[in-house]
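Please walk through the fold of this chain, from a single loop residue out to the barrel, the helices and the chain as a whole.

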Amino acid sequence: MNQYLSEWAGKILMEELDEGIINAPQDLLGCHIYDEKDVQIFTAYRPCAQTIWLLDGKGEIAGEMEPMEVDGLFGYVIEKKTKRLKKYAFRVKYSDQDIVDIQDPYAFERTISDYDRYLFGEGTNYKIYEKLGAHLETVNGVEGTRFAVWAPMARSVSVIGDFNMWDGRLHKMMLHGESGIYELFVPGAWEGASYKYEITARDGERHYKTDPYGNYAELRPGNASRIASLDGYEWQDKTYIKNRDKKPAAVRDREPMSIYEVHLASWKKRIEDDDNGNFSYRELAQMLGDYVVEMGYTHIELMGIAEYPFDGSWGYQVGCYYAPTSRYGEPKDFMYFVDEMHRRGIQVILDWVPAHFPKDAHCLGNFDGQALYEHPDRRRGEHPDWGTYIFDYGRKQVKNFLVANALFWMEKFHIDGLRVDAVASMLYLDYGKQDGEWLPNKYGGNEHYEAVEFLQQLNTIMGEQFPGAYIIAEESTAWPGVTAPADKGGLGFSYKWNMGWMNDFLEYMKLDPYFKQFHHGQLCFSIDYYLSEKYILVLSHDEVVHGKCSLWNKMPGLEGDKYAALRAAYGFMYGHPGKKLLFMGQEFAQKREWAEYRSLDWFLLDEDERHRKMQDYVKELNHMYQKYDALYYNDFDVMGFEWMDCSRPQTSTVAFVRRGKTAKDQLMFILNFTPVAHEKYTVKAPCKGKYTEILNSDDPKFGGLGRMNEKPITAKKKTVTKKKTSKSGKAETVTEEGYEIELYLPPLSAVVLKFDYQG
């Protein structure tokens, strides 16, 4: 019998098994018909086993298997056709006290089809996450988990975990031809079990990697993947999703978008000074959901949801792109979080990081012993300043990984939008690099054409598959057409962060009031280009960390002036065309700059009423923003904005009009950025009629001194005589008629007037 076994098994396969480098274990292990001898052969590999018995379909012993040349390899031969087994298992004896029955993983067929592999190779298998990764299955009545991973340059791959004592010899995975995809069904691998892939590289070195497509991970400092099912959650937001997806982008653009940017761990902590003292997704769903609704926000943007190893990266160095972080619970807990937000009518945006990934040994870097997800040339494959790897956007399977990941969050977790981090670093080959550290494109320039193609593909496919979802670019340069359609040469993003406005505006607000007059252009310049892209105005987390201090502390002057100036700043932001984003804590004038390891300073609301009143002011701004469509309907239309006055740098005041869908309830903003009051401030008005103050940042309920315009203001006709030169070259005197209003303009203030346009 051993003669049959040795002859059939072959020397090379047994040597590869013994050396741990076999990539086609199905050719050696399991059940096979040896046609030349017309026998049925069974082989099992269990190092350290004393005895292995072959069991029939009823679990009874069919025979004792013989040890073979390789330690731990056992075989059994059935010579007569009439006795052949259709179902079988093994009974393994390690000692008298340790005897286990196991199903043979090599008795189960591979299920990833040729078509799936072809699409993945072409970069267009947009549901590849349903094939790769770990998926709980029941096959022929046997419960287990099917594992699949892409590692084309590996010599062999094993799945190791709680279910096999982390022994890489026990579950060698089966390679699918030249696709580089390894697959294996592991009977008995249970939900919640931790696992990794043991990858033997071409040089013989072993790498222990978390699953790139894994859906759950150990809580740090652990870094293994965990088996998790994403099936079975009963979503309650079907009507919400249906209504969302019926809205074309043109309709969404005319709706309010006031985003509350949140870092879940530090919004509120259960236990201060405890890395694991976080509230859960389910707890935060209630607490944060109620707060966001009360404050009048329409969206939340979550930092750091895809699993990441280091808290201090805030989630921007992702380790597991397909797994919501375990810091706050399990994947279905995060589903509940999103569901609860949707129940309240709040849309959920995730920060998404396709620009780079960390070098941690268990992550994507050098995944199969060589550069796989990153570009192999370090001049294209590394960020020297960030100490991270850059994705190889020209490799189709890598593009597939990223595009499918974006779709995954929409499909499996019902996310409404993604904000793409660090787009500029993707677009420019020399971003953050010195001469000699970057590789030019084929034309000698610094444009990263493969990244451009990836972004265009991403935005196009997202629009086709999830028409109600949107993708936002954090892009800090003047790259043209970021929000222009991809089929017209643009990148195809739905919106772009207005980083230029943010930088200019904050630099202006930090100035001593006397010097503001010399920098008036920084305040007004953004209007010159506000229609060039579809912008979101942002005062984000990046502006309140790393020594930049909080927004409150950026304001000059004594404490009282800081509160007043911040109210004026928020007033200008909400009046300026573009959607809105404000980072958590700034709505109540957080004094300390943000740190990810501690909670926001909620105690300030009880210690000093000015913080509570600032919170009330932002709440009022949000409610006003949603109530009056003049503040959002024409964000991207020239009809939406008109200067009334931007030519008084000596007083640091501006005035403008926002127009909505109809002539009714249009709004006029007058802002004063110096601590000097103007008792009779006269400014151009767009039309005749009455102007009613609906918001004044100097209102006592917001922390001001109550210098208000309580009565409606009537616009007065104004005649202006100007000298102009006619087409014939003659000097002419022209009389123009218009209107103006006079009001009290408090120091450091934002005043908003409502009026109905009368032609």
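**A buried loop residue and its surroundings**

Serine 494 counts as buried because its relative accessibility is 11%; buried means under 20% relative accessible area, exposed over 50%, and partly exposed in between, with a 1.4 Å probe and protein chains only. The model is a predicted one, in which local features need pLDDT of at least 70 and side-chain atom pairs count only at pLDDT 80 or more, while totals for chains, interfaces and linings use all residues. Residues are numbered from 1 along each chain as its sequence is written, and side-chain values use heavy atoms, with hydrogens and water left out.

Serine 494 sits in the loop between β26 and β27. Helices (H or I, at least four residues) and strands (E, at least two) are DSSP runs, numbered from the N terminus. With neighbours within four places in sequence left aside, serine 494 is in contact with Arg252, Tyr470, Ile471, Thr483 and Lys534, where contact means heavy atoms within 4.5 Å.

Strands β26 and β27 both belong to a closed barrel of eight strands, in the order β17-β18-β21-β25-β26-β27-β28-β29, with parallel pairing. Two strands pair if DSSP finds at least two bridges between them. Direction ignored, neighbouring strands of this sheet are turned against each other by 25° on average. Within the barrel, β27 (residues 495-497) and β28 (residues 535-539) run parallel and are joined by two bridges. Tryptophan 497 has isoleucine 536 in β28 as its bridge partner.

Helix α12 (residues 449-465) lies across three strands, β21 (347-352), β25 (417-420) and β26 (470-473), and runs at about 150° to β26. Such angles run from 0 to 180 degrees between N-to-C directions, and the axes are lines fitted to C-alpha atoms, for helices over the stretch in contact.

Two further helices can be compared with their expected span, which is 1.5 Å times one less than the number of residues. Helix α8 (residues 331-343) has 13 residues and should span 18 Å at 1.5 Å a residue; its end C-alpha atoms are 19 Å apart, which agrees. Because 10 of its 13 residues are buried, α8 is largely enclosed by the rest of the structure. Among the buried residues of α8 are Pro331, Phe334, Phe337, Val338 and Met341, and charged ones are listed too, including Asp333, Asp339 and Glu340. After α8 comes glycine 345, with a positive phi near 80°. Helix α17 (residues 559-575) reaches 25 Å from its first C-alpha to its last, close to the 24 Å expected for its 17 residues. Of these 17 residues, 14 are buried, and α17 is mostly covered.

Helix α8 also takes part in an aromatic pair. The structure holds 64 aromatic pairs. Rings of Phe, Tyr and Trp (its six-membered ring) pair if their centres lie within 6.5 Å; planes under 30 degrees apart count as stacked, over 60 as edge-to-face and the rest as tilted. Phenylalanine 334 and phenylalanine 413 form a tilted pair, because their ring centres are 5.6 Å apart and their planes stand at 45°. Phenylalanine 334 lies in α8 and phenylalanine 413 in helix α10 (residues 396-413), so the pair ties together parts that are 79 residues apart in sequence. The relative accessible area is 0% for phenylalanine 334, which is buried, and also 0% for phenylalanine 413, likewise buried.

Strand β14 (residues 194-200) has seven of its seven residues buried. Ser194, Lys196, Glu198 and Thr200 on one side are buried, as are Tyr195, Tyr197 and Ile199 on the other. Three strands run antiparallel to β14: β11 (residues 156-161) through six bridges, β15 (residues 206-209) through four, and β16 (residues 225-226) through two. Tyrosine 197 stands opposite valine 159 and has lysine 209 in β15 as a bridge partner. Serine 194 is bridged to arginine 226 in β16. Between β14 and β15 is a hairpin turn of five residues, in which glycine 204 has a positive phi of about 90°.

For the whole chain, the secondary structure comes to 19 helices and 38 strands. The C-alpha atoms fill a box of roughly 115 × 60 × 45 Å along the principal axes. Of the 759 residues, 59% count as buried. Among contacts with a separation of 6 or more, 71% are between residues 24 or more positions apart.
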